[in-house]
Amino acid sequence: MTENLRIRSANPTDADELLAIRRDAIIALAEEYGRVAAERWATAAHPDRAAKAIATNGVWVTEFGSKVVGWVEVSGATIESLYVSPAAARLGVGSSLLTHAERQIRDAGASIAYLDASPNAEAFYARRGYR
């Protein structure tokens, strides 16, 4: 699938779709939190969360065809968010976005990327060398 992916900068018209991907990813992939806690976390983002991120940080989306299937947000040397649509999970979308974010951080002059992973994402990041 990764050969059919395209990463581009997010634009303000993507904001609602990015929030939907965030919500769906949390609900689908956060089993260890339990359904109620996952729902609470998934709906906790302010409605303008993605729009503000696009306006103030580096945000990139991955498209498969014309459909946005994931996104990553970078602020300085920190990966603030990385979410993948459940339909595209475990198909290389997250890895592609992480590689892109790390390249952006490196190109900006930082030698280390930082992030704070939720428990459901710890194994993903550990496989990529994060501690």
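Which residue of strand 5 stands opposite Thr78? That residue is Tyr114. The model here is a predicted one, where local features need pLDDT of at least 70 and side-chain atom pairs count only at pLDDT 80 or more, while totals for chains, interfaces and linings use all residues. Residues are numbered from 1 along each chain as its sequence is written, and side-chain values use heavy atoms, with hydrogens and water left out.

Let's start with the sheet. Five strands make up an open sheet in the order 1-2-3-4-5, and the pairing is mixed. Strands (E, at least two residues) and helices (H or I, at least four) are DSSP runs numbered from the N terminus, and two strands pair if DSSP finds at least two bridges between them. Strand 1 (5-9) and strand 5 (114-115) sit at the edges with a single partner strand each, so one side of each has no neighbour in the sheet. Strand 4 (residues 78-84) pairs with strand 5 in the parallel sense, over two bridges.

Next comes the packing. The largest nonpolar core (buried Ala, Val, Leu, Ile, Met, Phe, Trp, Tyr and Cys residues joined through side-chain atoms within 4.5 Å; buried means under 20% relative accessible area with a 1.4 Å probe, protein chains only) has 20 residues. Val72, Ile79, Leu82, Val93, Leu98 and Tyr125 touch the most other members. Helix 4 (93-107) gives this core its largest share, five residues, and strand 3, strand 4 and helix 5 (122-126) each supply at least two. Apart from this core lies another, of 17 residues, including Leu18, Ala38, Val61 and Val68.

Key
Buried < 20%, exposed > 50% of the residue type's maximum accessible area, 1.4 Å probe, protein only.
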